[in-house]
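Trainee: I've got a new model open and I'd like to practise reading it feature by feature. Can you walk me through it?

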Amino acid sequence: MTDRKFFLALTVKNEAPNLWEWVAYHRAIGFTDIAIYQNDSTDGTKKLLRTMEKHGFIQYFTNPSRDRGWQNKAYRRASRLDEYKAAEWAMSLDCDEFLVIKTGNGTVSDLVDALPQDANVCTIHWKAFGSSYHTKIPKGLVTEEFTLTEEPKRISERQMGFKSIFKPTAFKRIGIHKPKDAFAEVPSIICNGSGILLQNNVDPGWRSKDPDCRRLAQVNHYALRDVERFLVKSGRGRTANHERSVDIQYWTDFDINEATDMSAADRAEQTRAEMKLMNDKTRGRLELLTQEGVDANHVVFNELLDDPYYKKIYDDIVELFPAMHAPTIKTDEAAPHPGIDYSEVIVTNGVKVPFVPKIITPPIEKPMRNNRYEGGECAALRELLIPGDRVLELGAGVGLLSTVAAMSKGVESVLTVEANPEMIPLIKETHRLNGAKNIELINGVVAPRTTEPLDFYLRKDFWASSMEPDSRPYVDVVQVPSFGIKDLIQKQNPTVIAIDIEGGELGLFDKADLSKVRLLIIEFHSKVYGKANVTAITKLLEKKGLKVDPVEKPTTVRRFFRETAPAQPAVWPISKPRFLVTTCMKDEGPYILEWLAWHKYIGIQDFVVFTNDCSDGTDLILDRLEELGQLRHLPNPALATGSTFFQPIALKYTPHLSEWHKADFYISMDVDEFINVRIGNGQLSGLLQATGSFDALSMSELNHGSNGRMHFEPGLMTEQFPLHQTETPYRRKALRGVKTITRISEKLDRPRNHRPDFVGSGHDVVWLDGSGRPLETLKEDKTLNGIDVRGSSDFVVLDHFPLRSLESYLIKMFRGDVVVKKNQVSQRYWRLRNQNDSQTSNFDRQQKGFQKQLKKYMADPMLKSLHGKSCEIHAKRAVKLLTKPDFIERKEWILANAWNDGLTSTPVGQK
């Protein structure tokens, strides 16, 4: 039967990091129709849902509700859909709930076919999954990363919550836990997730027991996920009950890490296949939007940590983590690797290790349970590994370090070698339990060169087994393959080496090329070869450029770092330099196309525009430009925090953008600012050639006045407002603001709106002005945002149009500030900037290329229409504002006190 229909409803708020996996998973298990209702999201959830709906994966609806009863309202609306009425079975879930089916092939049809024939409701109980001790959002799927859960038998002993799958032919509408409003002529016949029928006269409420412990199906409930997402969830409130607190008590109630359950994780391959299909159909947009959601989550999380209330929640949770590391964790299923049988898992240093008493004997079991086993090595790897590292581990042990390395962000690959053949199945199972990828495991001994198989001496404690027979008694000797260190280095090309091979390190590196290794972590075994040989190995490694890290207390584990030579000056000018501009906008619709066309032509490739509260079509114009591949449009991340500090938070978010990591140079600027390169063909590449190498180049602003224009009129700012303040002010008037072209490098500490901050004293920073002259003031004083502009703009100037016409200025006052919401531009702002006494700056060099780019935008019918509509809105808004007493007063003040001040030519546009 191929035409069976199964309906699923969901309500969400700010779930952008999680939606793609959730939808793909439930499509993969057989839900044919998914309806998603969204309320008040600010993290990109709306864009994700629109994209999914556009490509036919879901139905998407906004979900307004005055009384905040979002979930019930959504389910009432969903119950009116034709897809609900046509479905064979229907269900509602939350975004932190995954339906796991344990019968047949794990599909919805397999489940409903396994239920008692007369049943029309199945109550499927939650299974609570804890944090698995994640503090930050991990890279893998939710179903892979969070596998620690409650005791398997807990459901037989206590009441548990459930969600229901049911027949729409028996019920009028969906409820949160069970269906509502049964049809009078259809009796309710209820079974649970083990297929056990409940007595007809017993109402299970929303909690019940299940003596068969969810035999057919369960709902995996990831109520917490990691601490980061939990805090963000705590900050935004809940979709079901806005007032219900999500706090430390909620965390301790739900962070249950008693057992391991891989039932959802085992579907990861199928889920990924569905995610890839969806992503391919959207041309990669789902992956991009999901990453944007993760990035937005990071920003909100960091902002919440600045709030003492949320910082305390975070600290309280992290403080609980060591106590929560349950020493023994039972697993629901046998290990899949042959040669190993276990029923418990130990979590040590955040890594799950199968507990096999024959191998993990008491001397090693106790430190493992107390997080002391290889604790120093684990901490060192987590602290010191960087993206791009390739790790070679000699002596895999139980697979702990190779797992930590493989799960570290950005590590390319791990090659681990273990001599003891009895350890190989256990190591593989450790890797599997933790979802560790990109690991190659080799069974063999490491020697200075590859030889015939060598003897390896097995001892009762696996960690004492070695290649030498004399240091302590052994129980058996086996022959294992030999691998030369040179061959292993050639194979892995490691940047990091970790070594614990019970004395095998002596003489190992004498002829090895370690020139590509930046970090080496080694456990010395002086009891095997004496302290003199520890000194000899240390001197050998130092001779090869790896210097030992000094320690305060004696320890057998030492770190060696490569001393790097001072960085050589980069080749200048940079070949094909890439520029990134970010900007905040609100109600700037009439001006976007001119500004973007200008800066595209002069050589800026990437634009990211953050918006908030737009009411003139700005957001629609930007969405269309994004569809055309001209920029990226994002909601301002401040919206997710409830903050009104729009620009500061957007700037803080900027280094998390993918465009940032591709760019050579960064500029923060506004839509009323035009970078005007005054040499060559007016492009930025010519500017770089003229200035020579720099880390920062600050462009002084040149303010253009109103040019006597009273009324808003569609047109180009660069044509309507040619008059500006003088370029040769006297000393007292010479201080003006700047915007800075910043080179992205290791010297950069953080971007700011007017100028960057550099690491430390910044003594090695090259900072220039717009004439290519050294600029020491901004480098020496981080509080400064302006410079003496005299003689500062021979190569480049920042033409600034802060006022435009009088009506446009009043609209700007009405709109409020994009930097801080409550701020409004003042009368003083007009007086200082309405200067119209010069016309020395022009835009002639760029006109031909700029006009060509602008014509491309206006040739798009949708863009042209949106631009026209935005201009109409501005014109009507100006008329409406001038009926309000406050704005009439402002206009009259300007006309009386600061109208054509300095205007020497005939005012333009006066009526």
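Mentor: Sure, we'll go from the whole chain down to single residues.

Mentor: Keep in mind that this is a predicted model.

Trainee: Fine. How many helices and strands are there in the chain?

Mentor: The chain has 32 helices and 40 strands. Its C-alpha trace spans about 100 × 90 × 45 Å along the principal axes. Of the 911 residues, 57% count as buried. Look at the contacts with a separation of 6 or more, too: residues 24 or more positions apart account for 74% of them.

Trainee: Let's take a sheet. In what order do the seven strands of the open sheet run?

Mentor: The order is 20-19-18-25-26-28-27, and the pairing is mixed. At the edges you find strand 20 (439-443) and strand 27 (546-548), each of which pairs on one side only. From one strand to the next, the twist averages 15 degrees.

Trainee: And how does strand 27 pair with strand 28?

Mentor: In the antiparallel sense, over three bridges. Strand 28 covers residues 557-562, and within it F560 is the bridge partner of V548.

Trainee: Which strands does helix 16 touch?

Mentor: Helix 16 (residues 424-433) packs on the sheet and touches strand 19 (413-418) and strand 20. The direction of helix 16 makes about 175 degrees with that of strand 20. Helix 19 (residues 531-543) packs on the sheet as well, where it touches strand 26 (519-523), strand 27 and strand 28. For helix 19, the angle with the direction of strand 27 is about 135 degrees.

Trainee: Now strand faces. What's the general idea there?

Mentor: In a regular strand, side chains alternate between the two faces of the sheet. Now try strand 40 (residues 796-800), where five of its five residues are buried. V796, L798 and H800 sit on one side, V797 and D799 on the other, and both faces are covered.

Trainee: Which strands are joined to strand 40 by bridges?

Mentor: Strand 33 (residues 673-677) is joined to strand 40 by five bridges, and the two run antiparallel. Strand 34 (residues 696-703) has three bridges to strand 40, and that pair runs parallel. You can check this residue by residue: V677 has V796 as its bridge partner, while N703 has H800.

Trainee: On to helix pairs. How do I describe one?

Mentor: Two packed helices are described by the angle between their axes and the distance between the axes. Take helix 21 (residues 618-627) and helix 31 (residues 861-881): their axes come within 9 Å and cross at roughly 165 degrees.

Trainee: Why do helix 21 and helix 31 count as roughly antiparallel?

Mentor: Because angles over 145 degrees count as roughly antiparallel, and this crossing is at roughly 165 degrees. Helix 21 passes helix 31 in a left-handed crossing. On the helix 21 side, L620, I621, R624 and L625 meet M862, L863, L866, H867 and S870 of helix 31.

Trainee: What about helix 20: mostly covered or mostly open?

Mentor: Helix 20 (residues 592-602) is mostly covered, with 10 of its 11 residues buried. Among them are W595, W598, H599 and K600. After helix 20 comes G603, whose phi is positive, near 120 degrees.

Trainee: How many disulfides are there?

Mentor: The count comes to zero. For C213, the nearest cysteine sulfur is that of C122, 15 Å away. C213 is buried all the same, at a relative accessible area of 14%.

Trainee: Why is C584 not bonded to C614?

Mentor: Because the sulfur of C584 is 11 Å from that of C614, its closest cysteine sulfur, which is too far for a bond. C584 is also buried, with a relative accessible area of 7%.

Trainee: Last one, a loop residue. Where does L775 lie?

Mentor: L775 is in the loop between strand 38 (767-769) and helix 27 (777-780).

Trainee: Is L775 buried or exposed?

Mentor: L775 counts as buried, with a relative accessibility of 9%. Setting aside its neighbours within four places in sequence, L775 is in contact with S698, W767, L768, D769 and I787. As a long-range yardstick, try A273: that residue is 502 residues from L775 along the chain, and their C-alpha atoms are separated by 55 Å.

Terms used. Residues numbered from 1 in each chain as written. Predicted model: local features only at pLDDT ≥ 70, side-chain atom pairs only at ≥ 80, totals over all residues. Heavy atoms only, no water. Buried < 20%, exposed > 50% of the residue type's maximum accessible area, 1.4 Å probe, protein only. Helix = DSSP H or I, 4+ residues; strand = E, 2+ residues; numbered from the N terminus. Pairing = 2+ DSSP bridges. Axes fitted to C-alpha atoms, helices over the stretch in contact; angles between N-to-C directions. Contact = heavy atoms within 4.5 Å. Disulfide = S-S within 2.5 Å. Left-handed = near helix turned anticlockwise from the far one by under 90°.
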